[in-house]
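Reader: Before accepting the labels attached to a model, I would like to see each value set beside the criterion it has to meet. Could we go through the structure in that way?

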Amino acid sequence: MAELTTVADKLVRTATRTQVHANQGWKHTKSLRGDDVRIEQALKAAATSKDVLKLRGSPDNVGEEVLDLLEEETSVPQQIPTGTLVEIRKGSLTTTGIVIRNALIEGRSFAVTLTITGRIIEHPESDVFFQVPKMVTHALTRRAGIGTMPSSRTETSARVEILRQLRDFEREVANAYGGIQATNLNLYDLVRSKNPDEWSTVTVLEAAKLIMRQRRQTVTSLFAMHRYLMKHSEEFAPQISTHRLAQTFDVRPLSHLERLRAVKDMIRSASPAIDAFAIKARGIMASNRKRRIESWDEPPKRTVASDIHYTTEDRLILDVLQHALRRHRDVITDPYALIVSSILKTLQVNADVIDPVVLREVLIDLGHLAPWEDLVSRRKEYELDQLPEDESPRVAAQNLIVKRNLAVRPTSESSRPLGPEDFLPRDPVEHLRHDFGDLPVYVVDDVGAEELDDGLSIEEIPSEPGSAWIHVHVADPTAVIPPTHVFAQQAYQKGMTWYFSHRTWPMLPTSLSHSKLSLGARSKSGEPESVLTFSFKIDSAGNMVDYQVRPGFVRNLQIIDYDSVDHLAGFPNLKPAQPFDPECPSNITTVTTEPLHVQNLRLLADTITRHRIRNLRSSDAFIAVIPYARISVAEKPLQATPLCYPKSFRFAGFPTIKYQVLSQKCQEVGSRMVVAECMKAACRVASRWCLDRDVPMLRRTSKPPVCLGDPEAFSKVLAARDSDGFVDFYFAQKANLHVPPVEHTLDPGMHWSMGVPEGEGYIRVTSPLRRYSDLVAHWQIKNALLRPSASPLFSREWLGKYGPEIKEKEKVFKEAERTHYAYWTALYLKRFMEHPHAAVDRPNPLEGLTATVLTRTSVEHQGGTVRTMCHVPSLGIKAIVTLPPGTMLDIGDSLGVRLADIQVGLSSKVHVLPK
């Protein structure tokens, strides 16, 4: 029978008194206007039904994006065009409908959809798993209205016509689904990886071509195949972040499937092996818990438990438990859920709900997951190598390429074509490089920074008092790496360096960056540093009046950290709050007293500050300020626990973690402001230079906020800016502004949040060691320098296709970063609360907490209580607050709270209660 058995489909069949058959489709008694009458009845039933399909907001996702709302990097999903057919999935509920409007609600984009039941619902783009554009005309959707009940005969007629088309489409999909089932082909065997331990992927189109051997796949056949794959969740899992547009499924490895089915058979047959494993495991868990408590404050340590021996059945069970700890959306059946629940019951795990939070604790107690394990970076879709660099075959292969090239790299032009592993035989722009001689170059970064990719210089102009040239010298990996190199292709796939608290995954090989590319690497051997320099002249009024782009050599590097620059030059420095260790000293590592450097740094700060103030006064940008937590790990890198290792481990101790609370103001004062403003100016210079020469380039653009309520709201927010452009977050949030997402275009559009006007543009060029898009910009600029009249290295067509890829990669990384920090802050707080032998006199920042409401959206919970999102400023975290029934709070309202529950898992959450 066709898979139309969800709650929403049952509502359709009841309301329209129809029946669904796999081959015949929809059936009802034929009569004059019978379809219209039944659909009108369905519309009335939907409008009055109390069985509402709740898709807008849930306690777990309300406010997930609110903290990012007014930040420069916010990426709001593209709106789904009206007239699009969508399949909506939320939890166990599934329905189809037609998008009739788009709405902006508290800065988030929602689709307003007429479902097949006749109900109007609001839902985010993330709830859509399949879409068919232009299913009905735009004009028809406009006539349908958006009220719960049609307000006129015109709206009723339009909705009836939309629902008729939906019903006909569902009938065709049901028939196509029946055709898939009738083939009796094993799709899994056709698409799984040949390596039984590896995942593979399959798109809906690829699957349809294998199963439905017709020349051209129809929309209905693709939708039917999508439903087939969603139903068979034991074998196929939709790719979470990209499924709606890519329609790609992960195909489970054969070994995982075989182990899953083997353990399932053991449970069904009540195998004695299950009880035997439980007895052994309970003893291991008790011993590991005791050791963890005893070594709570010791350094982290991991040893193999060689005295613990597992049977074949034990290993099957442990492997399945580890495979089950994987990010999973509740829109499909989790094939591991019942098995994990059954096994944990035999282990006498005391938990009301068996979820990834509980499973993580069990795997830690069993010795198959470190207490400090970072679950976010283990997610399959990120493809981050979990092996230590000295054990990784991937890194070993990269190091071999680096070693071979650096050992035999010729000094003259070679006639032999470059292979995929060959570096450039010589620097192609060496003859164009400007030698900056002994001009001091200040490379300013955090203590322990792993990739130094930019430095600053300043030159006064004696004939023009108050004017100066600022030079932004950017590391030049394109002097070595051609676009065709295997490292370039790997950088394209990765997109950027992934910086996490516990480990960094570099975009380019560490061995190459540290030996040749990072600023300071060549200076160690007395060589000049190759750079691409973006220079700009600032006059006494702060205007940028001239600019240059040129390859160069720099020789006099002064590598110094931010705090040391602030200390040396007397700059303001807003220290991050350290609520759990307020006496921790600052990281000042380099202090030089040479008057020249003090003079240069102060001149640099004065000059770029004038430019910043000038930009602020001439633009309508603002920065919304809200505290946020950041975690750093002293024992970096922390290595992951090997997945499905044949032995268990004994873990002791825990890494040293620093918990800091920062705000945007910390990043916009002193030396951090100086560096950030110089980088912004360099990116503007790059755009101007490319415009002058008609060099196609991708630019980052953003439009100013749109007022969703009060038409004067934006003006009021601008009026509330302080002298540095800062605005209270809650004031901006209450203004009900929609901030359009950052886009990547070839046109020199406005970048509102950077203060870049229309017609100038903004091209990222300052981080080629850690962003592939910056590498592309460098290659494109150099090609224009070498061959001014030739075609660009990257065509407009290629760049136009690459823009959406950048946006998607940035979106994935931003979500990973947010989830990562939420995980580590929750882990830190949980350990603080559970410390078994805490000092009596330790500071306790968890006392006297105050929370501020983040959103007007709230959700009714059990017993009529209300849940909404709040922010705890002293800890820099967001939390879910549960309030008494009938509580009405507005954005910015404050209340005293206490921590009630901390969930550390794949999606970590903090719950608070009013005092």
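Author: A helix here is a DSSP run of H or I with at least four residues, and helices are numbered from the N terminus. Phe-169 has its place in one of them, helix 4, residues 153–183. Please keep in mind throughout that this is a predicted model.

Reader: Why is Phe-169 called buried or exposed, whichever applies?

Author: Buried means under 20% relative accessible area, and Phe-169 has 4%, so Phe-169 is buried. Leaving aside neighbours within four places in sequence, Phe-169 is in contact with Leu-85, Val-132, Met-135, Val-219, Thr-220 and Phe-223. For Thr-220, which is 51 residues away in sequence, the C-alpha to C-alpha separation from Phe-169 is 7.3 Å.

Reader: What makes Trp-372 count as buried or exposed, and where is Trp-372 found?

Author: Trp-372 is found in the loop between helix 13 (356–366) and helix 14. Its relative accessibility is 7%, and because the limit for a buried residue is under 20%, Trp-372 counts as buried. With neighbours within four places in sequence left aside, the contacts of Trp-372 include Pro-300, Leu-638, Phe-651, Phe-654 and Trp-824. The C-alpha atoms of Trp-372 and Tyr-828 are separated by 9.9 Å, although their positions lie 456 residues apart along the chain.

Reader: How do you know whether helix 17 is largely enclosed by the rest of the structure?

Author: Helix 17 covers residues 562–569, and seven of its eight residues are buried, so helix 17 is largely enclosed by the rest of the structure. The buried ones are Tyr-562, Asp-563, Ser-564, Val-565, Asp-566, Leu-568 and Ala-569, and they pack against strand 13 (440–445), strand 20 (556–561), helix 18 (595–618) and helix 20 (670–692).

Reader: What makes a set of residues a nonpolar core, and which residues touch the most other members of the largest one?

Author: The members must be buried residues of the nonpolar kinds counted for a core, joined through side-chain atoms within 4.5 Å. The largest nonpolar core has 131 residues, of which Met-225, Trp-498 and Tyr-659 touch the most other members. Helix 24 (residues 796–834) gives the most to this core, with 10 residues. A second, separate core has 48 residues, among them Leu-532, Ala-569, Phe-571 and Met-697. Returning to Met-225, and not counting residues up to four places away in sequence, Met-225 touches Ile-180, Leu-187, Val-204, Ala-207, Ala-208 and Ile-211.

Reader: What makes an empty space a cavity rather than a pocket, and how much space lies in the largest cavity?

Author: In a cavity a 1.4 Å probe fits but cannot get out, whereas a pocket is open. There are 11 cavities of 30 Å³ or more, and about 130 Å³ of space lies in the largest cavity. Of the 15 residues that line the largest cavity, Leu-698, Ile-763, Arg-764, Ser-773 and Ile-806 are the closest to its centre. Helix 24 supplies the largest share of this lining, four residues, and the lining of the largest cavity divides into nine nonpolar, two polar and four charged residues.

Reader: How does the lining of the second largest pocket divide into nonpolar, polar and charged residues?

Author: The division for the second largest pocket is 12 nonpolar, nine polar and 14 charged. The volume of the second largest pocket is about 1,200 Å³, and of its 35 lining residues the closest to its centre are Trp-199, Arg-378, Lys-380, Gln-386 and Leu-643. Helix 9 gives the most to this lining, with three residues.

Reader: What makes the backbone of Glu-383 and Asn-736 worth checking against the general rule?

Author: Most residues other than glycine have a negative phi, and most peptide bonds are trans. Phi of Glu-383 is near 55°, a positive value in a residue other than glycine, and Asn-736 also has a positive phi, of about 60°. Glu-383 has a relative accessible area of 62%, and exposed means over 50%, so Glu-383 is exposed. Asn-736, at 24%, falls between the limits of 20% and 50%, and therefore Asn-736 is partly exposed.

Reader: Which form, cis or trans, does the peptide bond from Lys-636 to Pro-637 have?

Author: That bond from Lys-636 to Pro-637 is cis, with omega near 5°, and Pro-637 lies in the loop between strand 22 (628–633) and strand 23 (649–652).

Key
Residues are numbered from 1 along each chain as its sequence is written. This is a predicted model: local features need pLDDT of at least 70, side-chain atom pairs count only at pLDDT 80 or more; totals for chains, interfaces and linings use all residues. Side-chain values use heavy atoms; hydrogens and water are left out. On a 1 Å grid over the protein atoms alone, a cavity is a set of points where a 1.4 Å probe fits but cannot get out, and a pocket is an open set with protein on both sides within 12 Å along at least five of seven lines; lining residues have an atom within 4 Å of a point. Grid points are joined across faces, edges and corners, and a volume is the space filled by probe spheres set on the points. Helices (H or I, at least four residues) and strands (E, at least two) are DSSP runs, numbered from the N terminus. Ala, Val, Leu, Ile, Met, Phe, Trp, Tyr, Cys and Pro count as nonpolar, Asp, Glu, Lys and Arg as charged, and the others, Gly among them, as polar. Buried means under 20% relative accessible area, exposed over 50%, partly exposed in between (1.4 Å probe, protein chains only). Contact means heavy atoms within 4.5 Å.
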